Number of protein chains: 2
Amino acid sequence: VRCVSTPALIALDWGTTSLRAYLLDESGQVCDHQASPLGITRLATGGFSATLDGVIGRWRAAHPGLTIVASGMVGSRAGWVEAPYLPCPVSLESLAASLVDVPYHDGVVQIVPGLAWHQRGEADVMRGEETQVLGALSDVATATDALFVLPGTHSKWVRTSGVTLAEFVTYPTGEMYELLLTKSTLGQLHEDGGDLALHDQAGFARGLDRGFRHAGDSLGKLFGVRARALLGDIKATDVAAYLSGLLIGSELRDAFVRFVPPAKAHPPIGIIADPALAQAYAAAFALAEVACFLVRPDAAARGIAAIAGNSAGNSAGTGA
Amino acid sequence: VRCVSTPALIALDWGTTSLRAYLLDESGQVCDHQASPLGITRLATGGFSATLDGVIGRWRAAHPGLTIVASGMVGSRAGWVEAPYLPCPVSLESLAASLVDVPYHDGVVQIVPGLAWHQRGEADVMRGEETQVLGALSDVATATDALFVLPGTHSKWVRTSGVTLAEFVTYPTGEMYELLLTKSTLGQLHEDGGDLALHDQAGFARGLDRGFRHAGDSLGKLFGVRARALLGDIKATDVAAYLSGLLIGSELRDAFVRFVPPAKAHPPIGIIADPALAQAYAAAFALAEVACFLVRPDAAARGIAAIAGNSAGNSAGTGA
């Protein structure tokens with residue numbers, strides 16, 4: 001335990017395939033942390049409660065009475081308890097006032113709800129990313145609007161206004177990449193491109209250019225991956241990087257239309273991701289000539305600290 | 001054998017998963033036909049030659065000296081012989097002058113090459129559809145430009161000018177539908193919608209509206225399938241029809257930008273497909289308020305007859 005002051009909070013970033021636990025003091029400083037592969041689809045025998053015992057039991061024994069707050073898919077229909085989606089836009093305060101308690105030993109775990117919106121035949125949902133974005137806000141001036149991207153299987157773009165989550169949209173870029181590369185005829189001509197990261201390979205910039213700079217729907221650009229490989233215009237070892245660039249470029253093109261008015265100066269876009277994925281998106285932003293910055297790691301822990309700080313007093317019997 | 005006049009030509013529409021064979025007289029009238037599942041990935045023992053013997057042996061025995069012309073994936077790298085792609089645009093005459101012979105018994109099978117184009121970082125290929133479109137031209141006035149759609153795994157849009165294939169583009173709509181419905185998290189919430197055809201189900205019109213009428217890239221619309229299902233806005237039994245409508249709508253939206261200038265009156269668009277798929281696209285065109293017509297079946301046979309008619313004299317030793 002590294003922090004000087006007394007631990008006060010356990011923050012859980014509990015997703016589908018991983019559980020990250022943080023021990024925080026009252027100022028939100030991380031005292032200790034653990035990463036586990038026990039996501040909600042890979043629980044230990046005994047379910048949620050027993051899984052959590054194995055990860056945070058030592059902290060609870062050493063520091064009785066800690067508040068425990070969890071965000072992510074743990075609050076989904078397939079999770080520990082369903083924390084219903086709040087309608088977007090949502091402020092930090094209203095999110096903090098809407099935590100859902102699930103019994104844990106003689107206390108509770110407080111679960112952060114997800115966000116949803118639905119209008120004009122469109123709809124979207126998020127769960128976990130809202131907490132990361134609130135944590136990332138500690139890196140920016142909240143006096144102005146900010147824009148974040150959380151790349152991944154389901155890439156999220158989130159616009160904030162002060163400490164309010166104002167608007168968001170999801171692109172299934174990572175899932176499409178995996179599906180197309182491994183299960184489709186478009187990826188059939190692919191060969192392993194070697195040790196370089198995808199975004200450092202020659203095909204990436206070409207795919208990004210195609211996706212980002214050229215008009216037309218990505219559905220109409222996808223077959224070009226196969227066509228160019230068949231015609232020898234893309235090497236088999238470049239197919240994966242080209243496809244990655246094409247999909248990320250298409251994502252950026254659409255997101256910019258939604259969130260980045262061309263005539264208006266825009267503050268740098270915050271990237272919230274593990275280092276490898278953050279690097280790929282940073283490379284994409286550089287090729288697109290748009291400023292970005294990398295949000296410090298463990299944004300979820302800082303987000304939960306902010307939520308817990310605003311929730312204190314709203315909820316009675318926590319921890320113990 | 002149904003035709004009155006003498007059989008002169010065997011036309012083969014030989015794709016990945018099927019082989020359709022037609023016995024034609026000199027006027028292009030179909031005397032007899034057979035459908036076989038022996039596509040180039042499902043050949044009989046003995047390969048291409050033995051497979052063909054089993055399907056057309058009876059016709060060859062009864063009518064020695066028939067010209068045999070094949071189109072489709074049989075001319076691909078994985079086919080009987082690779083017939084290199086011709087650069088688009090291509091006229092009927094130049095296609096007919098570019099048949100590639102492969103030895104068959106004491107004669108040859110003449111294989112129709114595919115088409116390719118490559119410009120401004122875009123590329124596309126087709127193989128087999130060029131022949132169907134040339135066959136479909138017998139249904140339209142060739143004095144003006146015409147536009148055809150060939151829906152399927154890889155949906156093709158082809159613009160013709162006279163008897164020249166002027167321009168085309170591919171949308172992997174059918175492949176994406178299958179992948180997304182059966183392999184993705186977006187299709188996870190899907191339940192069987194019952195006996196109605198997809199385009200007759202309630203979700204189809206809603207998905208089509210979303211894909212066709214709303215701005216934005218299809219990549220950004222796809223996650224909405226999952227979000228709307230999670231929020232109860234689409235029933236699980238409507239997910240498949242909604243996804244089908246969304247993808248077809250996105251295809252139409254992009255293809256119209258490319259091929260259908262909004263200010264200009266456009267002749268009806270020809271649909272070349274098996275009846276079920278043709279009905280789905282006809283329903284999509286109706287919802288999109290664009291005129292279309294269904295091309296008569298067996299367009300490939302008519303296309304091969306037109307190609308063979310223009311090729312006569314160009315090639316020497318055909319048939320037996």
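Helices, of at least four residues, and strands, of at least two, are taken here as DSSP runs numbered from the N terminus. On this basis, chain A of the predicted model contains nine helices and 15 strands. The radius of gyration of chain A is 21 Å, close to the 20 Å given by the globule rule for 320 residues, and chain A is therefore as compact as a globular protein of that length. Along the principal axes, the C-alpha trace of chain A extends over about 65 × 45 × 40 Å.

Of the 320 residues in chain A, 54% are buried. Among contacts in chain A with a separation of 6 or more, 64% are made by residues 24 or more positions apart. The area exposed by chain A is about 12700 Å², of which carbon and sulfur atoms supply 53%. Chain A carries 23 positive and 31 negative charges, and the mean positions of these two sets lie 5 Å apart.

One position within chain A was examined individually. A:Ser155 belongs to strand E12, which covers residues 155-161 of chain A. The relative accessible area of A:Ser155 is 0%, under the 20% limit, and the residue is therefore classed as buried. Leaving aside residues up to four places away in sequence, A:Ser155 touches A:Val149, A:Leu150, A:Val169, A:Thr170, A:Tyr171, A:Thr173, A:Glu251 and A:Tyr281. A:Glu175 is separated from A:Ser155 by 20 residues in sequence, with a C-alpha to C-alpha distance of 9.2 Å.

The contact between the two chains involves 48 residues from chain A and 47 residues from chain B. Together, the chains bury about 3800 Å² between them, and 65% of this area is on carbon and sulfur atoms. On the chain B side, the residues that lose the most area to chain A are B:Asp217, B:Leu219 and B:Phe223, which together account for 18% of what that side buries.

Within chain B, helix H3 comprises residues 129-136. Seven of its eight residues are buried, so helix H3 of chain B is largely enclosed by the rest of the structure. The buried residues of H3(B) are B:Glu129, B:Glu130, B:Thr131, B:Val133, B:Leu134, B:Gly135 and B:Ala136.

Key: Residues numbered from 1 in each chain as written. Chains lettered and ligands numbered in written order. Predicted model: local features only at pLDDT ≥ 70, side-chain atom pairs only at ≥ 80, totals over all residues. Heavy atoms only, no water. Rg over C-alpha atoms; globule rule 2.2 N^0.38 Å. Buried < 20%, exposed > 50% of the residue type's maximum accessible area, 1.4 Å probe, protein only. Contact = heavy atoms within 4.5 Å. Areas by Shrake-Rupley, 256 points an atom, 1.4 Å probe, with all protein chains shown as cover. Lys, Arg positive; Asp, Glu negative; His and termini not counted. Charge placed at Lys NZ, Arg CZ, Asp CG, Glu CD. Buried area = accessible area lost by both parts, 1.4 Å probe.
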